[in-house]
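Please open the structure in your viewer and keep the selection panel at hand. The tour below proceeds from one selection to the next.

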Number of protein chains: 2
Amino acid sequence: MTVRQDIHSSGIPVLCQSCEARHRGVCGALDPHQLVELAKTSSRHSVEPGSELIGDAETVDSYSNVLSGVVKLTKSLSDGRQQIVGLQFAPDFLGRPFKVESEINAEAATAASLCSFPKTAIERMMKESPELEHRMLKQTLNELDEARDWMVTLGRKSASEKVASFLLMIARNIDPTVGPTARSATFDLPLTRADIADFLGLTIETVSRQLTRLRTDGVIRIENNRRVMVDSLSRLEQRSGA
Amino acid sequence: MTVRQDIHSSGIPVLCQSCEARHRGVCGALDPHQLVELAKTSSRHSVEPGSELIGDAETVDSYSNVLSGVVKLTKSLSDGRQQIVGLQFAPDFLGRPFKVESEINAEAATAASLCSFPKTAIERMMKESPELEHRMLKQTLNELDEARDWMVTLGRKSASEKVASFLLMIARNIDPTVGPTARSATFDLPLTRADIADFLGLTIETVSRQLTRLRTDGVIRIENNRRVMVDSLSRLEQRSGA
DNA sequence: CGGTGCCTTGAGGAGTGTCAAGATGGGTGG
DNA sequence: CCACCCATCTTGACACTCCTCAAGGCACCG
């Protein structure tokens with residue numbers, strides 16, 4: 001036991017030993033030596049809801065792993081209309097390789113903790129480690145699949161289907177007890193009504209009305225405007241347009 | 001001259017010698033030996049508009065490069081509502097690595113020519129050639145950027161802004177003379193009104209009305225329902241919401 | 001010359017946005 | 001502990017955009 005543990009954790013930076021990104025995230029592609037190198041220039045930090053992570057200047061020359069919380073990726077039109085184009089959960093990788101400037105903004109939707117490292121460090125390692133680039137490719141492909149799923153929602157679903165679809169997606173990402181066979185779910189919404197509206201291409205009022213309707217129809221229960229209980233996920237799914 | 005040509009083309013399969021994908025596409029990542037290997041199992045073929053390329057069975061175990069024409073990627077809801085989630089132009093790569101079944105359909109929007117090869121061949125080469133995976137990552141990141149741009153269009157733009165945005169995007173992809181500084185453009189629409197509607201999350205009628213409005217306002221001219229002339233791209237851009 | 005797709009145009013209505021008011025809840029300071 | 005404030009959320013009335021349904025035009029083809 002002690003020997004096995006020594007084998008597995010020998011040389012792994014303290015910072016990384018209990019880090020989820022080392023397993024399911026991109027850091028899983030790195031060997032102990034590379035982890036040590038990366039950890040030298042890495043730092044964990046916590047951010048408050050609303051903190052700007054990428055966008056108007058600031059942290060443009062670093063990448064991060066999301067360790068907890070939810071980060072929203074947004075794009076805006078010149079007149080202020082906004083659209084959320086992605087949500088990142090742990091242990092997603094945050095940043096856009098091979099591009100100096102991003103037209104995307106990233107903002108903490110909830111309290112969140114991140115592990116950040118300089119762009120140059122990761123980009124150097126990507127050149128050396130095909131496995132790292134392989135993981136990046138896989139995550140990017142997954143994000144592309146998600147983006148295309150949401151394009152269907154944005155383009156072709158009604159307001160009530162959009163809200164139901166959103167709740168389903170959050171349930172699957174937030175409630176750790178929700179597997180493929182789960183029948184019910186409980187979770188705190190990581191987004192305000194305004195964020196949900198920006199995610200679904202609706203207004204705050206429409207989101208609120210649809211949530212009220214789902215509540216009065218007995219599909220969901222809501223506590224404190226944030227906590228949502230879904231007794232029958234399949235009933236919710238029926239309303240999501242599938 | 002002859003010597004130089006010999007150097008550059010020595011050992012390159014005939015199939016590939018004049019192929020655009022060898023320059024701007026993923027095949028640019030392969031060395032002559034690998035090209036020869038891949039070409040052994042590759043085949044070019046032309047398809048007619050409407051041909052199903054990925055989807056209900058058929059060619060699920062092969063990848064392709066788009067050599068000419070336009071391919072539309074679609075997703076559908078169970079009740080038949082459809083959304084186009086991407087358009088592929090030459091020399092884009094077509095296919096979803098690391099996944100057995102795709103929930104995406106691909107269909108030729110115009111007459112198109114493709115170069116296809118077995119999944120296994122590419123996947124083997126990706127393991128051997130980091131450069132190939134690097135190119136795949138870059139294309140995937142670009143597609144993700146495009147998808148997110150369209151999410152803004154789908155979620156936050158009005159019908160007239162959507163149609164203007166669509167025309168701009170097509171102009172930039174189709175008319176070879178359109179650079180960043182071009183003031184005007186002429187092109188054939190690669191999509192029917194129904195396709196445009198599926199792309200923009202609108203109905204055929206709304207698309208038609210908005211095109212008519214752009215025409216009566218003098219922003220575009222249309223011949224034969226397909227050929228579009230834009231005298232002032234900046235006027236069109238003003239109407240795209242930017 | 002009549003079909004058959006594809007596109008356009010019109011009239012009317014449903015669904016969502018807009019504007020405005022009021023409710024709720026969490027935090028702060030007295 | 002209560003009073004107050006502020007942000008967030010809900011609800012209502014109305015307007016407008018876009019969808020639905022229906023008819024008609026146009027080009028291509030047998």
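The stops that follow concern a predicted model, beginning with the contact between the protein chains and ending at a DNA strand.

**Stop 1: chains A and B**

Select chain A and chain B together. In this pair, 44 residues of chain A are in contact with 44 residues of chain B. The area buried between the two chains is about 4100 Å², and carbon and sulfur atoms give 61% of that area. To see where chain A contributes, highlight A:Arg148, A:Met151 and A:Arg156: these residues supply 20% of the area that chain A buries against chain B, more than any other three residues.

**Stop 2: polar pairs across the interface**

Next, display side chains on both sides of the interface. Between chain A and chain B there are 10 salt bridges. For one example, select A:Asp149 and B:Lys75, which form a salt bridge whose closest N and O atoms are 2.9 Å apart. Residue pairs in polar contact between the two chains, both residues being at pLDDT 80 or more, number 22.

**Stop 3: the side of chain A that touches chain B**

Now hide chain B and colour chain A by secondary structure. Strands β4 (70-76) and β5 (82-89), along with helices α5 (130-156) and α7 (193-200), each supply at least two residues of the side that touches chain B. Which element gives the largest share of this side? The answer is α5(A), with 21 residues. Colouring by residue class shows 20 nonpolar, 10 polar and 14 charged residues on this side of chain A.

**Stop 4: DNA strand C and its surroundings**

Restore chain B and select DNA strand C. Around this strand there are 17 residues, of which A:Thr206, B:Arg193, B:Ser208, B:Arg209 and B:Thr212 come nearest. By class, the surface near the strand has three nonpolar, nine polar and five charged residues. Helix α8 (204-216) of chain A and α8 (204-216) of chain B each supply at least two residues of this surface, and α8(B) gives the most, with five residues.

**Stop 5: atoms of the strand**

Finally, display the atoms of DNA strand C within 4 Å of the protein: 64% belong to sugar or phosphate and the rest to bases. For the bases, select A:Arg209, where a side-chain N or O atom is 2.8 Å from a base oxygen of the strand. Then select A:Glu205, which has a polar side-chain atom 3.0 Å from a base nitrogen of DNA strand C. On the other chain, a polar side-chain atom of B:Asn225 lies 3.5 Å from a sugar or linking oxygen of DNA strand C.

Definitions and conventions. Residues are numbered from 1 along each chain as its sequence is written. Chains are lettered from A and ligands numbered from 1 in the order in which they are written. This is a predicted model: local features need pLDDT of at least 70, side-chain atom pairs count only at pLDDT 80 or more; totals for chains, interfaces and linings use all residues. Side-chain values use heavy atoms; hydrogens and water are left out. A residue is near a molecule or strand if one of its heavy atoms lies within 4 Å of it. A polar contact is a pair of N or O atoms within 3.5 Å; within protein, one must be able to donate a hydrogen and the other to accept it, and residues adjacent in sequence count only if both atoms are side-chain atoms. Helices (H or I, at least four residues) and strands (E, at least two) are DSSP runs, numbered from the N terminus. Ala, Val, Leu, Ile, Met, Phe, Trp, Tyr, Cys and Pro count as nonpolar, Asp, Glu, Lys and Arg as charged, and the others, Gly among them, as polar. Contact means heavy atoms within 4.5 Å. Buried area is the accessible area (1.4 Å probe) that two parts lose on being put together, summed over both. A salt bridge is a side-chain nitrogen of Lys or Arg within 4 Å of a carboxyl oxygen of Asp or Glu.
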